[in-house]
Amino acid sequence: MTARPRHIGWLLLGAAGLLGLVLAALVAFTQDAAASRPHRLEIVPGSAGPVLPTGGPRLVPRRGWISTWGAAPQGPVANNDSERGFADQTIRQIVYTSVGGTHARIELSNAFGSAPMVVGAAAIGIAGRGAAVLPGSERILSFGHQTWVSIPPGAEAVSDPVALAVRPLQRLAVSLYLPAATGPVTEHADAEQTSYIGGGDRIAQTRAAGLGTTTRSWYLLDGVDVLAPARDVGAIVALGDSITDGVNSGLNANARWPNDLARRIDARPGAVLSVIDEGIGGNRVLNNATCCGTNAVARFQRDVAGRAGAREVILLEGVNDIGFALHTDALSGPNATVSAAQIIAGDKLIIAEAHADSLKIFGATITPFQGARYWSPAGEANREAVNTWIRTSGAFDGVIDFAGVLADPSDLERLNPIYDSGDRLHPNALGYRAMADAINLSALVSGL
């Protein structure tokens with residue numbers, strides 16, 4: 001296949017074909033497209049509270065600030081805490097940094113809320129054991145010099161910065177007090193991390209007492225930024241599905257492949273980049289799903305371009321488009337036939353968005369999944385067709401061959417047994433580490 005110039009290749013589709021694909025994509029985005037590009041709140045000191053800026057979204061300036069951790073927002077899911085909501089409760093959420101800095105701030109999301117979300121108090125500190133915070137590290141957060149914030153539906157709020165010495169690869173505790181009944185809340189369903197819930201306002205409490213209810217999801221919190229030293233030149237955003245989200249990597253192990261990549265980068269001399277995990281279990285390039293978030297094209301601006309200091313993207317998506325289109329179960333939601341050509345068209349839209357935002361984008365090949373519950377011969381043909389295009393088209397700024405890394409050498413349609421977590425789809429911790437180890441660090445930092 002002849003390589004096309006990466007910035008214009010997607011324009012070379014026939015006009016009628018491109019129009020049809022774009023119209024099909026727009027139909028797929030309607031479920032919650034409005035939530036994919038939430039407003040940032042501009043906090044006005046001395047005002048009655050936060051107000052939305054006029055004239056549409058306005059991003060907080062990036063200079064000096066780099067996202068050190070992130071999680072893609074999802075809508076509430078039936079029969080869990082995101083649907084039930086909270087009232088007079090404190091949620092203490094544990095996150096794992098990628099780079100450090102001298103100051104920190106948090107980002108809260110009401111992207112999928114139907115009513116204003118009142119956060120009565122918030123704090124950040126260095127995580128101790130369990131729900132504890134290291135004494136002396138706790139910092140009460142404010143929003144426009146106020147200790148509370150009301151976040152309109154579809155909006156995000158960014159806290160005022162606080163002085164906090166944050167190290168790379170460190171666990172932080174972010175506490176939110178929700179004084180009144182919230183109703184359904186925006187969440188990130190599969191955190192692979194234990195966080196803690198307790199009754200009443202426990203924001204200033206560093207002990208674990210009273211925070212005995214555990215959860216494996218994150219609520220409202222979708223980012224932590226740091227004021228980073230000069231060595232930290234930006235952020236890599238990993239946009240993906242459950243394999244990027246780290247399913248089966250191990251509870252509290254911080255063994256997702258983006259975590260392993262962050263450790264590799266931190267160990268190198270010279271310039272470094274943070275690594276932000278924007279994977280969502282079950283996510284798809286083209287279609288929304290109640291269980292599994294807004295499609296990757298529609299959430300790009302919020303989850304990738306909107307990250308502080310974003311410089312590069314690693315895209316690993318498509319297996320769920322392939323599998324769910326040919327399989328029906330309770331998780332799949334409305335099914336639609338999705339071809340390899342349609343997935344490629346979606347990838348081209350993402351590439352165009354990345355380049356319009358001056359971001360480098362690396363395409364990762366879709367990993368083997370024969371033996372998984374939604375594998376089929378037709379799906380395998382689609383996977384191979386998409387991977388051939390990723391490897392040969394020249395559309396991306398670089399290619400990461402995760403499929404080649406994880407495949408069984410004796411059967412390239414299957415995961416290598418030493419990397420299989422047991423479901424024939426998700427790697428184990430060793431497999432995630434092999435993925436991170438296969439990434440060329442020199443390519444990531446080239447030209448930065």
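A salt bridge is a side-chain nitrogen of Lys or Arg within 4 Å of a carboxyl oxygen of Asp or Glu. By this rule, the count in the predicted model shown here comes to 14 salt bridges. The legends below describe several close-up views.

**Figure 1. Overview of the predicted protein model.** The protein has eleven helices and 23 strands. Of its 448 residues, 58% count as buried. Among contacts between residues at least 6 apart in sequence, 81% join residues that are at least 24 apart.

**Figure 2. An open sheet is formed by five strands with parallel pairing.** The order of the strands across this sheet is 18-17-19-20-21. At its edges are strand 18 (272-279) and strand 21 (398-400), each of which pairs on one side only. From one strand to the next, the twist averages 25°. Within the sheet, strand 19 (residues 310-316) pairs with strand 20 (residues 360-364) in the parallel sense, over four bridges. One position to locate in this view is Val-313, which stands opposite Ile-361 in strand 20. In a regular strand the side chains alternate between the two faces of the sheet.

**Figure 3. Helix 4 lies across three strands.** Helix 4 comprises residues 257-266. The strands that it lies across are strand 17 (232-240), strand 18 and strand 19. Relative to strand 18, helix 4 runs at about 180°.

**Figure 4. Arg-84 and Asp-81 form a salt bridge in helix 2.** Side chains of opposite charge can pair when their charged atoms come close. In this pair, the closest N and O atoms are 3.1 Å apart. Both residues belong to helix 2 (residues 81-84); because they are three residues apart in this helix, about one helical turn separates them. Arg-84 has a relative accessibility of 54% and therefore counts as exposed, since the cut-off for this class is over 50%.

**Figure 5. A salt bridge joins the side chains of Glu-278 and Arg-307.** The N to O distance is 3.9 Å. Glu-278 lies in strand 18, whereas Arg-307 lies in the loop between helix 5 (300-305) and strand 19, so the pair ties together parts that are 29 residues apart in sequence. Are these two residues buried or exposed? Glu-278 has a relative accessible area of 0% and is buried. Arg-307 is buried as well, with a relative accessible area of 1%. Both values fall in the buried class because this class covers residues under 20%.

**Figure 6. Strand 22 and strand 23 form a hairpin.** Two residues lie between the strands of this hairpin. Strand 22 (residues 407-408) and strand 23 (residues 411-415) run antiparallel and are joined by two bridges. Asp-408 stands opposite Asp-411 in strand 23. Asp-411 also forms a salt bridge with Arg-414, in which the closest N and O atoms are 3.3 Å apart. Asp-411 counts as partly exposed, at 26% relative accessibility. Arg-414 likewise counts as partly exposed, at 32% relative accessibility. Elsewhere in the model, salt bridges that share partners join Glu-107, Asp-222, Glu-278 and Arg-307 into one network.

**Figure 7. Leu-169 and Asn-252 have positive phi values.** Most residues other than glycine have a negative phi, and most peptide bonds are trans. Where is Leu-169 placed? Leu-169 belongs to the loop between strand 10 (162-166) and strand 11 (171-178). The phi of Leu-169 is near 55°, and this residue counts as partly exposed at 24% relative accessibility. Asn-252 has a phi near 65° and is found in the loop between helix 3 (242-245) and helix 4. At 36% relative accessibility, Asn-252 counts as partly exposed.

**Figure 8. The largest cavity is lined by 23 residues.** The structure holds five cavities of 30 Å³ or more. In the largest cavity there is about 180 Å³ of space. Which lining residues lie nearest the centre of the largest cavity? They are Trp-69, Gly-70, Arg-256, Asn-259 and Asp-277. The elements that give two or more residues to this lining are strand 2 (65-70), strand 3 (89-96), helix 4 and strand 18.

Key. Residues numbered from 1 in each chain as written. Predicted model: local features only at pLDDT ≥ 70, side-chain atom pairs only at ≥ 80, totals over all residues. Heavy atoms only, no water. Pairing = 2+ DSSP bridges. Axes fitted to C-alpha atoms, helices over the stretch in contact; angles between N-to-C directions. Contact = heavy atoms within 4.5 Å. Buried < 20%, exposed > 50% of the residue type's maximum accessible area, 1.4 Å probe, protein only. 1 Å grid on protein atoms, 1.4 Å probe; cavity = no way out; pocket = protein on both sides within 12 Å on 5 of 7 lines; lining within 4 Å. Points joined across faces, edges and corners; volume = space filled by probe spheres on them.
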